[in-house]
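Reader: I would like to go through the structural labels and ask what each one rests on. Please set the values against the cut-offs where a cut-off decides the matter.

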Amino acid sequence: MNSNRVTHEFPPVFNERSRVLILGTIPSPKSREQGFYYMHPQNRFWKMICAVLNEKLPSDIEGRKMLCLSYGIALWDVLESCEISGAEDSSIKNAVPNDLRRIIDNCPIRAVFTTGKKAHALYAKHFADLMPDVCLPSTSPANRTISEEKMLEEYKQIAEYL
C-alpha cells in the first residue's frame, strides 16, 4: 500500500479542567472521514473509556466530547502530520509532532496516556522533556493480542488521575 501525507484535520479536546491527556498517533482514515477520534466502528477506545467511567456511549461526536470534558479527559494525537499507509502505524515516516505544550502548559494535567506502542515511541522521541507517559494497549481493531478484559484492566489506570 502506498503511503500518503496525512495532516491532522480536527482540534484537540480539552478545557481548563483537563487532568488526563490521552494521545493516539494520528487519526485513522475512518476518524478523519468522520472528523473525530477513534471513530472506526470496531475500535474499542470508546468502549474502554465508557467502561472506565461507568457511562453509556454517547451516540454522537458532541456527546463524546462532552463526556471527556466532564471527566477531565483531554484527547489529541502525538502527530500533526506524517506519511502513513492507511491506518498502519508501523508505516509512519517523516513525522511532525503536535504542540502538546498547548495542553500541558495550560491545563492541570496529572497524567499522559498513549494508546499503543507507536504513540508511546513517538511521544518518547518528541516529548521526553514534558512528563512520562503510560503506554496503554492499542484499541485498534488490528490489535487482537489482548483480551478486552485485560485491556480494560489497563485502561482503568486512567480513573486514578481523574
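Author: What follows takes the sheets, the helices, the cysteines and some single residues in turn. The model is a predicted one.

Reader: What makes the four strands β3, β2, β6 and β7 a sheet, and which of them are at the edges?

Author: Two strands pair if DSSP finds at least two bridges between them. Strands β2 (residues 20–24) and β3 are joined by five bridges and run parallel, with Gly24 opposite Asp77 in β3. β2 and strand β6 (residues 111–115) are joined by four bridges, also in parallel, and here Leu21 faces Val112 in β6. The open sheet has the order β3-β2-β6-β7, with parallel pairing. Its edge strands are β3 and β7 (133–136), since each pairs on one side only. From one strand to the next the twist averages 25°.

Reader: How do you know that strand β3 is largely enclosed?

Author: Buried means under 20% relative accessible area. Five of the five residues of β3 (residues 73–77) are buried, so the strand is largely enclosed by the rest of the structure. In a regular strand the side chains alternate between the two faces of the sheet. In β3, Ile73, Leu75 and Asp77 point one way and Ala74 and Trp76 the other way, and all are buried.

Reader: What is the order of the three-strand sheet, and what is the sense of its pairing?

Author: The order is β1-β4-β5, and the sheet is open with antiparallel pairing. β1 (4–7) and β5 (88–97) are the edge strands, each pairing on one side only. Neighbouring strands in this sheet are turned by 30° against each other on average, direction ignored. Four bridges hold the antiparallel pairing of β1 with strand β4 (residues 79–85), and Arg5 stands opposite Glu83 in β4.

Reader: Where does helix α5 pack on this sheet, and where does it lie on the other strands?

Author: Helix α5 (residues 117–127) packs on the sheet by touching β4 and β5, and its direction makes about 20° with that of β5. α5 also lies across β2, β6 and β7, running at about 130° to β6.

Reader: Why are α2 and α3 called oblique to each other?

Author: Helix α2 (residues 45–53) and helix α3 (residues 61–71) pack at an angle of about 40°, their axes being 12 Å apart. Angles under 35 degrees count as roughly parallel and 65 to 115 as roughly perpendicular. The angle of about 40° falls in neither range, and α2 and α3 are therefore oblique. The crossing of α2 past α3 is left-handed. On the α2 side Trp46, Ile49, Cys50 and Leu53 meet Arg64, Leu67, Cys68 and Tyr71 in α3.

Reader: How do you know that Cys50 has no disulfide bond to Cys68?

Author: A disulfide needs two cysteine sulfur atoms within 2.5 Å. The closest cysteine sulfur to that of Cys50 is in Cys68, 8.5 Å away, which is too far for a bond. Cys107 is in no disulfide either, as the nearest cysteine sulfur, that of Cys68, is 13 Å away. A search of the whole structure finds zero disulfides. Cys50 counts as buried at 6% relative accessibility, and Cys107 counts as buried at 10%.

Reader: What makes the phi of Tyr38 worth a remark?

Author: Most residues other than glycine have a negative phi. Tyr38 is not a glycine, yet has a positive phi of about 55°. Tyr38 is found in the loop between α1 (29–34) and α2, and is buried at 11% relative accessibility. Asn94 also has a positive phi, near 50°, and is not a glycine; its place is in strand β5.

Reader: Why is Tyr37 called buried?

Author: The cut-off for buried is under 20%. Tyr37 has a relative accessible area of 1% and is therefore buried. Tyr37 lies in the loop between α1 and α2. Leaving aside residues up to four places away in sequence, Tyr37 touches residues including His8, Phe10, Pro11, Trp46, Leu75, Trp76 and Asp77. Gly24 is 13 residues from Tyr37 along the chain, and their C-alpha atoms are separated by 8.7 Å.

Reader: Is Ser85 buried or exposed?

Author: Ser85, in strand β4, has a relative accessible area of 9% and is therefore buried.

Definitions and conventions. Residues numbered from 1 in each chain as written. Predicted model: local features only at pLDDT ≥ 70, side-chain atom pairs only at ≥ 80, totals over all residues. Heavy atoms only, no water. Helix = DSSP H or I, 4+ residues; strand = E, 2+ residues; numbered from the N terminus. Axes fitted to C-alpha atoms, helices over the stretch in contact; angles between N-to-C directions. Contact = heavy atoms within 4.5 Å. Buried < 20%, exposed > 50% of the residue type's maximum accessible area, 1.4 Å probe, protein only. Parallel < 35°, antiparallel > 145°, perpendicular 65-115°, else oblique. Left-handed = near helix turned anticlockwise from the far one by under 90°.
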